[in-house]
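Subject: Structure for you to look at

Hello,

Here is the structure I said I would pass on. Please open it beside this email and follow along.

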Amino acid sequence: MTHLRVGILGSGAMAQTHLRAWRALDVPWLALHDRNLETATDLAHTYGAKVYDNAAELIRDCDVVDICLPTFLHLEAVMQVALAGKHIICEKPIALSTKEGMAMIQSCETAGVRLYIAMVLRFFPMYRRAAELALAGKLGTLQVLRLKRVGFPPHGGTSWFADDALSGGIVVDMMLHDIDYALWVAGDVVRVFARLTRTTTQQYAQAILTHSSGAITHIECGWAYQNGLFRTALDLVGDAGLLEWSSDAPPSSLRLPNTVEMIGAVPLPAISAASDPYTMQLQHAAHCLETGSPFEVTTQDAVRALNVALAVRSSALSGRAVMV
Amino acid sequence: MNAPVNAPARRVLKVAILGLAHVHTEGYISILKTLPGVELLGCAERDGIASSRTFEGVKMFSGVTALLEQRPDAVIICSETVFHRELVERAARAGAHILCEKPIATTLEDARIMQDACHTAGVNFMTAFPMRFDITLQHTRQTLQEGSLGAVLGIVGVNHSINPSSHDAWFADPILAGGGAVMDHTVHLTDLYRWFFKTEILEVYAALGHPLGSSVETSGILLVTLENGLHASIDCSWSRPAHYPRWGHLKMEIVCEKGVLVVDPFADHLTLFDTANPAPTWVSFAPDPNRAMLLAFLESVQKHLPPPVTWLDGYRTLQVALSAYTSSQTGQLERITSQEF
């Protein structure tokens, strides 16, 4: 149970996901604002939240602002909220450049507000359990990691996601999850190489990361499948063990014929109701804000993942390996 | 269909196995024993090398010279990779057609000498790429060539196995095998990519894992680019633990504009729990591609046809494997020069 008054900025897929999660956490006060007032009003109605037609008033009335805006708007929004002295939860990636990211962190520190970047993959139960086992040494020294994340083009490949100038592109927006995960379990990365193929609406990328430990990571990432299809997988190998998991495995409860849940035409992994990672993440963030305890994912983690993602993107553009 | 009444009886083909080191040797022997019109003359190691292995009902010769004196029509080279060249030269001089295990050699120079020897002697050289004879992969190739899935965006391939030990330990010997996981597992997927798209590999980037105490790399990930611009990865790692339910797997996902092909040629299996094994094992119920490959090889010998898989297929895939080592050393993309033969 949290007593925080939560204000959400945005009305897209992540705003909806977070609204649902905050509702599950039974927050006493929930409101949202978006420049698209109509969508915001519909969403607010669905989830029993208030609607504000003015961002500044929303920020004034809440304890924490949950920024669910497209990436290119993060910098401006974080600066505004920090100036207003409110704590911030902000969607990943933190920003479009490490410079912007560091400026956001600096502003929050100056203003004395806390900043949590929503790197939600760390709260997915299978990824979390695998990381716990790997970090506890159950696999021995990590040697080779395989991470997969392939879905369909968001909004048919025509939205801001498809514009690298607004989203950072697929590597910065989506591969970032698995880059952060690889950094988390296998440590710093020294060299990357990547290939990226595009059609008018699709993007498909593969990257190889070389960690300073000598471990290597393969990441497959795409907005490439047909609508409704989203697949993820992990395969972690150490000199003492192996962990395999794939979203192709049957879930704990199956309704056949099955259909993939779609929120706002953006691909999101199927989640189990008992362990919704979005809810668990926001519960963790709220708990840290109320108790003053440190976040599990720091702003430095967010910048580090972005830095590697930008190197991967640079490699994909240049066709050269890039040192990090 | 009935054969014409007056058709001449097919000549019995005399087959010999030179070298017994390869993991496939035992399987080849058990298949050859069941093939009609085939006489398995026997097996031999190089001259002066006593074999540490025996196979029931198969004659073991004292050496390759004694076995080649029996004038085999065809030989299968199953030695450690570094000895392929010597055995190929011997077999070619004896006039035997050759099926040679992969990778065909440890160096490009050896591979070229092998080709020259076969050319001079007028015998065929076939590279043993059994996956080309796998029904699932043949269907995959057909689907891709029909083009109904639109442009290919990329391919992810894995050829994982357990770390070789016991009879297979030489696969991890840098002299005998010419390397580790890269030499062992890069060539199959490389050949399949070439075969699917009838094109060569132009560029290779590779990162290899070389754990302490290992004389060769035990893991490797390659990103290769084909002449048609397609990017494909190959994970050649010996990354399955010793008690994995099977030796490993070869899998690929081919991501296309209009759909994704998820291909696992070894998927047809039962899970066996028995008292002989501490962990469950996977038992195949799919047709054995090695059998189809041997049949195709022997048919090409019988009918004086070109081999269904060529020396060049073996050479090009070896080039890719060797380029992976160069790339991992320089940390950069390696471009393959497409020398003509």
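Below is what was found, taken one region at a time.

Please keep in mind that this is a predicted model.

The sheet in chain A

Start with the open sheet of chain A, which has 7 strands in the order β12-β11-β7-β10-β9-β8-β13. The pairing in this sheet is mixed. Which strands stand at the edges? They are β12 (241-246) and β13 (322-323) of chain A, and each has a single partner strand, so one side of each has no neighbour in the sheet.

At one of these edges, β12(A) pairs with β11(A), residues 231-238, in the antiparallel sense over 6 bridges. Within this pairing, A:Gly238 has A:Gly241 in β12(A) as its bridge partner.

At the other edge, β13(A) runs antiparallel to β8(A), and 2 bridges join them. Strand β8(A) also pairs with β9(A), residues 203-211, again in the antiparallel sense, here over 9 bridges. The strands β8(A) and β9(A) form a hairpin, with 4 residues between them.

A good residue to find in β8(A) is A:Arg191. On the β9(A) side, A:Arg191 stands opposite A:Thr210. On the β13(A) side, A:Arg191 stands opposite A:Met323.

Is β8(A) largely enclosed or left open? This strand covers residues 189-198, and 7 of its 10 residues are buried, so β8(A) is largely enclosed by the rest of the structure.

Helices in chain A

Helix α6(A), residues 125-135, lies across three strands of chain A: β7 (142-151), β11 and β12. The helix runs at about 5 degrees to β11(A).

Helix α6(A) also packs against α8(A), residues 169-186. Two packed helices are described by the angle between their axes and the distance between the axes. For α6(A) and α8(A) the angle is about 25 degrees and the axes are 10 Å apart. Angles under 35 degrees count as roughly parallel, and α6(A) and α8(A) are therefore roughly parallel to each other. From α6(A), the contact is made by A:Tyr127, A:Arg128, A:Ala130, A:Ala131 and A:Leu135. From α8(A), the residues are A:Asp178, A:Tyr181, A:Trp184 and A:Val185. By class, this contact has 7 nonpolar and 2 charged residues, and no polar ones.

Helices in chain B

In chain B, look at helix α6(B), residues 181-197, and helix α8(B), residues 311-330. They pack at an angle of about 125 degrees, with their axes 8 Å apart. That angle makes α6(B) oblique to α8(B). Their crossing is right-handed. The contact includes B:Val182, B:Met183 and B:Arg194 of α6(B), and B:Leu312, B:Asp313 and B:Arg316 of α8(B), among others. Its residues divide into 10 nonpolar, 3 polar and 4 charged.

One residue in chain B

Finally, take B:Arg194, which is found in helix α6 of chain B. Is B:Arg194 buried or exposed? Its relative accessible area is 7%, and under 20% counts as buried, so B:Arg194 is buried. Leaving aside neighbours within four places in sequence, B:Arg194 is in contact with residues including B:Arg132, B:Thr199, B:Glu200 and B:Ile201. The same list has B:Leu312, B:Asp313, B:Arg316 and B:Thr317. How far apart in sequence are B:Arg194 and B:Asp313? They are 119 residues apart in sequence, while in space they are 8.6 Å apart, C-alpha to C-alpha.

Regards

Terms used
Residues numbered from 1 in each chain as written. Chains lettered and ligands numbered in written order. Predicted model: local features only at pLDDT ≥ 70, side-chain atom pairs only at ≥ 80, totals over all residues. Heavy atoms only, no water. Pairing = 2+ DSSP bridges. Contact = heavy atoms within 4.5 Å. Axes fitted to C-alpha atoms, helices over the stretch in contact; angles between N-to-C directions. Parallel < 35°, antiparallel > 145°, perpendicular 65-115°, else oblique. Left-handed = near helix turned anticlockwise from the far one by under 90°. Nonpolar A, V, L, I, M, F, W, Y, C, P; charged D, E, K, R; others polar. Buried < 20%, exposed > 50% of the residue type's maximum accessible area, 1.4 Å probe, protein only.
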